[in-house]
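Student: I have a model open and would like to talk through a few parts of it. Could you start with whatever term I need for the strands?

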Amino acid sequence: MRRREDEPPLEFSVNSYLPEGSVAPITEADHVSHETVVAKASPATLAALTQGKLRSQTTRSFSTSTSGRRGDKSLNGREYHTSLAVKAAAAPGAVVKPREKNGRKHLVILGSGWGGYGLLNQVSTKYHMVTVISPRTYFVFTPLLASTAVGTLEFRCAMEPVRSRYRGIFRWMSKKGEGVNLIEAFADKIDFARKKVECVTQFTPVKENAKTTLDRGAAAEDECPGEMSVSERRMKDGRRKFEVEYDDLVIAVGAYSQTFGTPGVKEHAYFLKDVGDARRIRARILHCFELAACPSTTEEERRQLLHFVCVGGGPTGVEFAAELHDLIHDDLALLYPELYHLASISLFDVAPRILGSFDENLGEYARTKFARSGIRIRTGTHVTKIEEGKVFTKESGMERFGMMVWATGLHVNPLVEEMKGVLKDKRTGSVLTDDRLRVVDEKGEPVEGVYGIGDCAAIKDGEILPATAQVANQKAIYLGNSLNAIARSGTPSYEPEPFKFLNRGAMAYIGGWKAIVQPAKSGGISGRAAWILWRTAYLSMSVSLRNKILIPTYWFLNFVFGRDITRF
C-alpha cells in the first residue's frame with residue numbers, strides 16, 4: 001500500500017535514545033500522538049522517517065492512509081493508526097515526547113487502580129490525550145478478590161483491561177486505535193520542573209538464548225527492605241529506563257501491603273492485593289488439601305497443613321476468612337470427607353475487636369457468627385515473627401499453619417516515599433493535596449498541573465478519610481469532572497468547587513450467605529438481607545457490561561454445580 005502524495009508526513013525529531021539492539025514499537029491513534037526519536041541512525045534513515053517513506057527492515061509497518069479502500073489496513077477520516085518499529089544503535093535510554101494535537105493536553109495517569117481507572121472513566125478525550133503508566137495492565141475490582149481466591153468467582157470477573165477502556169461496548173462497535181495508550185512500567189521518579197516522569201520497564205528485556213519469566217509477583221520486590229533504593233533494585237536485573245513528558249499529571253499509584261517490619265512476612269505469607277495474589281492463594285489452599293490427603297502424611301502434618309491463618313481483622317481479612325469457610329464447608333467437605341474435621345481457620349488481629357471501623361453491634365454480630373462457624377478469633381494478638389509453616393506471637397508463642405494470608409493495612413508506595421519537593425503527611429507518608437486535589441509543594445503552594453488521588457494522597461488540613469475504594473473513586477470522579485471543566489472554560493485560572501466526600505457506608509461478607517452493612521449514619525443491617533444488598537451493590541458497581549453478565553452467571557453456576565477446585 002502506497003502513501004498518497006497529499007497526505008501530511010508524520011514528524012519525528014532526534015531528541016531521545018533507544019536501548020541497544022532493541023525494537024521500540026510505537027502505536028498511536030488520533031487521540032494519542034507521540035514524537036519518537038531515534039539516535040545514532042544514519043542521515044538517510046532519518047530523512048526517510050521524516051518524509052514518511054521508510055519501507056525496509058528498519059520498520060515493521062508504516063501506514064497513514066486515509067483513503068478507506070477495502071483491503072487497506074488503515075483507518076478512515078481523522079483516524080490514524082501508525083505502527084513503527086525502529087532498530088536503534090547503542091544508546092542508554094528513551095524519551096516519549098507527546099505532541100499536542102487539536103489543542104488537547106497530554107494527561108498522564110500513574111496507576112490503574114480505583115483512582116487511575118476511575119479517572120479514565122470520567123475524563124474526556126475531547127480535551128485530553130490520555131496515557132496510563134502502570135505495572136498492571138488491568139483494573140482490579142478489589143471487593144471481589146476474596147471471592148476469586150476461593151473459586152466463588154473466576155479471576156476475570158474482578159478484572160477490567162485498561163487498554164480497552166475507550167472501546168465500544170461490543171466488539172463490532174469498536175474502531176482501531178480507540179483503546180487507551182498504556183505503558184506497562186513503574187513510575188520511578190517525577191521531575192516537576194521539567195514535567196517529565198522517569199519510568200522503569202516492568203520486565204527485563206528479552207535476550208537471545210536466555211529464559212524470560214513474566215512473573216507479575218516480581219513487583220513485591222519493591223517492598224523488600226535493603227540498602228539499595230527501589231530504583232537501584234529495579235535496575236539491577238537489567239530493566240530499562242525511559243521518560244514520559246506530561247502537561248497534566250495524576251499520581252494514583254496506590255499503596256503496598258503494610259508488614260510493620262515483621263520478619264518472614266514477605267517470604268512465607270500471602271497478600272491479597274491483586275488477582276495474581278488470589279490465584280496463588282487458591283492454588284495453595286488446594287495444594288494443602290492434596291498434601292493432607294496423601295497416605296504418607298501423618299496426622300500431625302495434616303492438622304498443620306489444614307490450619308489456615310489470616311492476619312488482619314479488617315474487611316479484607318474478615319471476608320477472606322468467611323469465603324474460605326464457605327469453600328471448606330460447602331465444597332471441600334464433600335470431596336475430602338476424611339479431612340473435613342481437621343480443617344481450621346484462625347483470624348489474628350492486634351486490635352481489641354474485629355471490624356473496628358464498623359458499628360460495635362455489627363462487629364459483635366460478625367464475631368458471634370464466626371464463633372458459631374468454628375473460626376477462631378484471636379484479637380489483641382501481636383505477631384512477632386513468621387517462619388516456614390510457623391507463626392510466633394507475643395501472647396501464645398509458636399503455632400503451625402499450612403497457609404497464611406496477611407491483610408493488615410497499607411504502606412506508602414516507594415514512588416511517593418522517595419518523592420522530593422512536595423509536602424507529605426507525617427503519619428502515613430502520603431503526598432498532600434489541597435481541597436481541589438492539587439499536589440502542594442513544601443511551601444504549601446499547588447504544583448502546576450500535578451494532582452494526587454487514591455491511597456497515596458491525603459487532603460492537607462482536611463477531614464481524615466479512610467484509604468478505601470470508595471474514597472479513591474469519588475476523588476477520581478471529582479477530578480475528571482474538574483479537568484473537563486477547566487478545559488471547557490479555556491482559562492487555566494479556573495478553579496472548580498472544592499472536593500467533598502460523601503460517605504455511602506461500608507459492607508462486609510461474613511459467610512453463610514450473611515453480611516453486615518454499615519450505613520453512613522448510625523445503625524446497620526445484618527443477616528440475609530444485608531447479604532442481598534452486598535451482592536446487589538457490588539454487581540451494580542462492576543464496570544463493564546461483560547462482567548455484569550459474568551458475575552451473576554458464575555454465582556448461579558457455583559450454586560448449582562459447586563466451586564471450581566481445579567489447581568493450575
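Tutor: Two strands count as paired if DSSP finds at least two bridges between them, and please keep in mind that this is a predicted model.

Student: OK, so how many bridges join S18 to strand S19?

Tutor: There are four bridges between S18 and S19, the latter covering residues 390-393, and the two strands run antiparallel. One residue pair to look at is Ile386, whose bridge partner in S19 is Val391.

Student: And what sheet do they belong to, in what order?

Tutor: They belong to an open sheet of three strands, ordered S18-S19-S20, with antiparallel pairing. Strand S18 (383-387) and strand S20 (397-400) each have a single partner strand, so they stand at the edges and one side of each lacks a neighbour in the sheet. From one strand to the next, the twist averages 20°.

Student: Switching topic: is Glu243 buried or exposed?

Tutor: Glu243, which lies in strand S11 (residues 241-245), has a relative accessible area of 17%; because buried means under 20%, Glu243 counts as buried.

Student: Which side chain does Glu243 have a polar contact with?

Tutor: The side chain of Arg194, through a polar contact of 3.3 Å.

Student: Last one: which residues touch the most other members of the largest nonpolar core?

Tutor: In that core, which has 91 residues, they are Leu272, Ile285, Phe289, Phe308 and Phe320. Leaving aside residues up to four places away in sequence, Ile285 touches several residues, including Ala149, Val150, Phe308, Phe320 and Met403. A second, separate core has 26 residues, among them Leu110, Ile183, Ile251 and Val412.

Note on methods. Residues are numbered from 1 along each chain as its sequence is written. This is a predicted model: local features need pLDDT of at least 70, side-chain atom pairs count only at pLDDT 80 or more; totals for chains, interfaces and linings use all residues. Side-chain values use heavy atoms; hydrogens and water are left out. Axes are lines fitted to C-alpha atoms, for helices over the stretch in contact, and angles run from 0 to 180 degrees between N-to-C directions. Buried means under 20% relative accessible area, exposed over 50%, partly exposed in between (1.4 Å probe, protein chains only). A polar contact is a pair of N or O atoms within 3.5 Å; within protein, one must be able to donate a hydrogen and the other to accept it, and residues adjacent in sequence count only if both atoms are side-chain atoms. A nonpolar core is a set of buried Ala, Val, Leu, Ile, Met, Phe, Trp, Tyr and Cys residues joined through side-chain atoms within 4.5 Å. Contact means heavy atoms within 4.5 Å.
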